[in-house]
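Biologist: Please show me the model. I have some questions about burial and contacts.

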Amino acid sequence: MKTVIKPMLLTFFLMISMISCNNEDTFIEPYGENDTEGVGSVEDDENNTEDSNNTDDRTEIFIDSGSSTTVQSAIDDLSGDGIITVTGWVTIDLNITIPSGILLRVNNGGGFNIKSGSTLTLQGPVNAGLYKIFDSTVNFVNGSVSEVKSEWFGTDDIAVNFALLSAVTIPVKITNNITVSSVILMSDNQTLRMYDATIFPVSPVTGGAVIKNREASNSNISIEGGYINGESLTDVAYDAILFENVDNALIKDLTCYKVHIRSSHDTGNITLNHCTYSTVQNFKSYDTWKAGIYIRYGHHNQILDSEMKGCHDSGIALVNSHDSIIDGNYVDNCGTSNASNIASGAERIIVTNNISVNSLGDVNGNGITMGHAGFPSTDATCSNNIIVNNTAKGIFLQAGNNMIVKNNIVINNGIDNNGTNSGGIANYSKSNLIEGNYVIGNRLGISLHNGSFNMVIKNNSILSSIIYGIRNDGVNTTVQNNSLGNTTNIFNNPEKNSIANLTFSNNNEMPPVFPVDYSFISDLNLTDFQNEILRKLLKF
């Protein structure tokens, strides 16, 4: 007997079954391995919701065992339109395609055992809950399902890799927490959705990262949501995310917690090497050993609206990734390895709308560093940032020319540091513009180190500096239209002949105010979050 339930007979079939059979007899007797048209009982599972229509009244065939031949027979009987419900494990020993007109339902306890050299191709929708239904890769045709659930392949890194290989360009979703011991690999045009799921790496993570790109170069890879928790690990060398030579990557809404990256080279929770047009957005990194985000080489990358706290190295480090943007981030208590909260060394970079506070390094415990030896930040912009309570310098213009430092709030930096240039804004480069900043309550207000040349300092409020408002060791310096209220408003170093070619004009000089008056902050157009941070740090 062929077990086919047609909609016109379904009600009658159920009525007769209820009248004439006990509970054990209500299931149609299944075909076994020796009958290629095997059928089995129907199991109702509340998780059977994927891409299904619960009111589907098409003909339905049930399979609880068999092989590719069994499945093909069911497809033929349905003439390519209907429902196949799998209640047991079926062996795929020949290539087979389930066409788009057939809904595949797989109950909990059912699935497919894919033999080596055989392929199961799914052109239509799949209905299954969060349980294993495939023991190896299959081929999902684009448009067959809206998401491929990693749980269909198991509950570890192998399962996620099987899902990604099977999905090709269909998004893969991890719903439940998983433990991984080897790297998860992503290819072109793939999306991994984790949302509320957590990945727990175990020692050692084979492959050097939790998630990497699969090929030597890739494009259009996305990671959405989720958590990576390395709290139970120590002395492990790996990145959370490592993308190399990837174009148009997107990492969004991911959180990493205590991912301990103890390696001899520069790396981060997220490391992008030679990547272009890639974005990290709303990423959170807490208590990691290396950097929160580390981008090296490439161009036109973005770090947006992210939060880094307690990174041993910089919260954000961007080296030689030109034409990139660091915007809207909050970085706090990073740099115990003597690094800056935000460190950027790239041409035409834009660092704007960030909050950088409490950097912990000594000599280099800066809020923001612009430029490094060999990696200048020429033609870069640092604007509209809030930079408070950093150990060494608020903003450090270390290398690069033609930088613009504008409209920043720079308060209480370098207070207990004896470095020559510790304080609000320190400059080691040439032809930069420092304009429209609030530089208040720092050890030094603005310090122009030996080698500074053609610097313009104008329209700033430089007030309540502990030592000097402006320390000038540079040449060809212009200081004009500033509000200056410091014990010593400007110190021109006679050893550097800094008085030579100094233009000092139209500055409003006033007595210093101690303790520092922060009331001006209330008049600024700040967000509620910015106001909250400043009031908490400055206690006013």
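What follows is a short exchange about a predicted model.

Biologist: Is G268 buried or exposed?
Modeller: G268 lies in strand β21, which covers residues 268-276. Its relative accessible area is 0%. Buried means under 20%, so G268 is buried.

Biologist: What distance separates the C-alpha atoms of G268 and C311?
Modeller: Along the chain, G268 and C311 are 43 residues apart. In space, their C-alpha atoms are separated by 9.2 Å.

Biologist: How many residues of helix α3 are buried?
Modeller: Helix α3 spans residues 157-167 and has 11 residues. The buried ones include D157, V160, L164 and A167. The helix is mostly covered, and the buried count is 8.

Biologist: Which residue caps the N-terminal end of α3?
Modeller: Look at the backbone nitrogen of I158. A side-chain oxygen lies 3.2 Å from that nitrogen. The oxygen belongs to the capping residue, D156.

Biologist: Which residue follows α3?
Modeller: Helix α3 runs over residues 157-167. The residue that follows has a positive phi, near 60 degrees. That residue is V168.

Biologist: Is N341 buried or exposed?
Modeller: N341 sits in the loop between β29 (330-332) and β30 (342-345). Its relative accessibility is 0%. The cut-off for burial is under 20%, so N341 counts as buried.

Biologist: Which residue's backbone oxygen does the side chain of N341 reach?
Modeller: The separation is 3.4 Å. A polar contact needs a pair of N or O atoms within 3.5 Å. The backbone oxygen reached by the N341 side chain is that of V331.

Key:
Residues numbered from 1 in each chain as written. Predicted model: local features only at pLDDT ≥ 70, side-chain atom pairs only at ≥ 80, totals over all residues. Heavy atoms only, no water. Helix = DSSP H or I, 4+ residues; strand = E, 2+ residues; numbered from the N terminus. Buried < 20%, exposed > 50% of the residue type's maximum accessible area, 1.4 Å probe, protein only. Polar contact = N/O pair within 3.5 Å; in protein donor to acceptor, adjacent residues only side chain to side chain.
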